[in-house]
Amino acid sequence: MRASLALTLMLVLSATGVAAPGGAASRLPEQLHETGLFAAGQPDRLGERVQPFTPQHALWSDAATKRRWIRLPPGTAIDARDPDRWRFPRGTKLWKEFAHGARVETRYIELGTDGTWRFATYAWSADGRSARLVPARGLTLAVEAAPAGRYDMPSRADCLACHGDARSPVLGFGALQLGAELPRWVREGRVRHAPPAWRDRAPEIAGATDTERAARGYLHANCGHCHHTPGGVPVALTLAQDVAGGPAPAQAQLHDALRRMSTREPTQQMPPLGTRIPDPQGQALLRAWLDDLPVRSALNPPPESLR
């Protein structure tokens, strides 16, 4: 049975263009600067063509401070023909830095010349000048400013749990996340085959109020990589947002999502990995949306034919 499950995982990862743990990912550079993010010994001097970006809706990471960068190979561009599933050129690299006061970790993904995505994480040295590749099994460090003084760096299998079955292996960089930054990317030709309207204005997440849009954006960033259709987890709950919009989940589903967001009991918590403590701001945002739903329903009752 174990061999059968392993074979199934390998086939799924192969079909989605994601490297299996222990495969091609083992050839990743030992030092972070070798990935091209910065010059050796000069972490604040970004490498050539490395561009910072900030998603509108962030993934909760135990209150860690984060910075993100992307590099596209010269002469290439992202294909946005499918607005919700961007296709990235081979050689694309992305980095995400986590800090609790000082830098702790930088996660790295790249699309190899063979069309396979590879994932790794790098642990920063005490002097903050270099970062070394973490073993494929992950690593837990003592970090005073982190929750309970412990910080978990993901294994490569953990990376696949979120990235491997997402609509795109790249999370946090898309039409609904770039927001005001998107038109510049389109005008400069780094995002191609996009709707003409994107040259002047980015699409927005659907919602009747600012609170609803913010809450749906939060769920998109924190839950949508697993809860999407088609595919995703085998649960009738879609939290990923589409450029074209779509219906909101039922109130009962949102209450269940809030309950799972609010616990860190291992069999109940959501997301199932990656955090030690719940996000108080995320909980407050979802509660505000839920509190608003009965009020709007009373003000806008359904048509007589639907009662």
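**Reading cavities, rings and backbone in a predicted model**

Q: Which elements each supply at least two residues of the lining of the second largest cavity?

A: They are β8 (117-124) and α2 (156-163), each of which supplies at least two residues of that lining. Please keep in mind that the structure is a predicted model.

Q: How is empty space inside a structure found, and how many cavities of 30 Å³ or more does the search find here?

A: The general idea is that rolling a probe the size of a water molecule over the atoms shows where empty space is left. In this case, a search of the whole structure finds two cavities of 30 Å³ or more.

Q: How much space lies in the second largest cavity, and which residues line it?

A: The second largest cavity holds about 30 Å³ of space. Its lining consists of Ala120, Thr121, Val134, Pro135, Ala136, Pro154, Ser155, Arg156 and Cys159. Sorted by class, this lining has six nonpolar, two polar and one charged residues.

Q: How much space lies in the largest cavity, and which helix gives the most to its lining?

A: About 60 Å³ of space lies in the largest cavity. Helix α5 (residues 210-223) gives the most to the lining, with three residues. The full lining is made up of Trp60, Tyr218, Asn222, Cys223, Met261, Arg264, Met270, Pro271, Thr275 and Asp279. By class, six of these lining residues are nonpolar, two are polar and two are charged.

Q: Pro271 appears in that list. Is the peptide bond from Met270 to Pro271 cis or trans?

A: The bond from Met270 to Pro271 is cis, with omega near -10°. Pro271 itself belongs to the loop between α6 (251-261) and α7 (280-299).

Q: Thr121 lines the second largest cavity. Is Thr121 buried or exposed?

A: Thr121 is placed in strand β8. Its relative accessibility is 3%, so Thr121 counts as buried; the cut-off for this class is under 20%. The side chain of Thr121 has a polar contact of 2.5 Å with the side chain of Glu105. The side chain of Thr121 also reaches the backbone oxygen of Thr106, at 3.5 Å.

Q: What can be said of Gln177, which lies in helix α3?

A: Gln177 has 5% relative accessibility and therefore counts as buried. A polar atom of the Gln177 side chain lies 2.9 Å from the backbone oxygen of His57.

Q: How does one describe aromatic rings that pair, and how many aromatic pairs does the search find?

A: A pair of aromatic rings is described by the distance of the centres and the angle of the planes. A search of the whole structure finds nine aromatic pairs. One of them is formed by Trp86 and Phe173, an edge-to-face pair with 6.0 Å centre to centre and 75° between the planes.

Q: Where in the chain are Trp86 and Phe173?

A: The pair links distant parts of the chain, since the two residues are 87 residues apart. Trp86 is in the loop between β5 (78-79) and β6 (93-100), whereas Phe173 is in the loop between α2 and α3 (175-178). Both Trp86 and Phe173 are buried.

Q: Which residues form one aromatic cluster with Trp86 and Phe173?

A: The cluster is formed by Phe53, Trp86, Phe88, Trp117, Phe173, Trp185 and Trp198. Trp185 has a further feature: the charged end of Arg190 sits over its ring, 3.8 Å from the centre. In another part of the analysis, the charged end of Arg103 sits over the ring of Trp124, 4.9 Å from the centre of that ring.

Q: What is found at Arg85, placed in the loop between β5 and β6?

A: Arg85 has a relative accessible area of 26%, so it is partly exposed. Along the chain, Arg85 and Arg167 are 82 residues apart, yet their C-alpha atoms are separated by 5.9 Å.

Q: What does phi show at Arg49 and at Ala63?

A: Phi of Arg49 is near 70°, which is a positive value in a residue other than glycine. Arg49 is located in the loop between β2 (42-46) and β3 (51-53), and with 37% relative accessibility Arg49 counts as partly exposed. For Ala63, phi is near 65°, also a positive value in a residue other than glycine. Ala63 is placed in the loop between β3 and β4 (65-71), and at 54% relative accessibility Ala63 counts as exposed.

Technical notes. Residues numbered from 1 in each chain as written. Predicted model: local features only at pLDDT ≥ 70, side-chain atom pairs only at ≥ 80, totals over all residues. Heavy atoms only, no water. 1 Å grid on protein atoms, 1.4 Å probe; cavity = no way out; pocket = protein on both sides within 12 Å on 5 of 7 lines; lining within 4 Å. Points joined across faces, edges and corners; volume = space filled by probe spheres on them. Helix = DSSP H or I, 4+ residues; strand = E, 2+ residues; numbered from the N terminus. Nonpolar A, V, L, I, M, F, W, Y, C, P; charged D, E, K, R; others polar. Phe/Tyr/Trp six-rings, centres within 6.5 Å; stacked < 30°, edge-to-face > 60°. Buried < 20%, exposed > 50% of the residue type's maximum accessible area, 1.4 Å probe, protein only. Lys NZ or Arg CZ within 6 Å of the ring centre and 35° of its normal. Polar contact = N/O pair within 3.5 Å; in protein donor to acceptor, adjacent residues only side chain to side chain.
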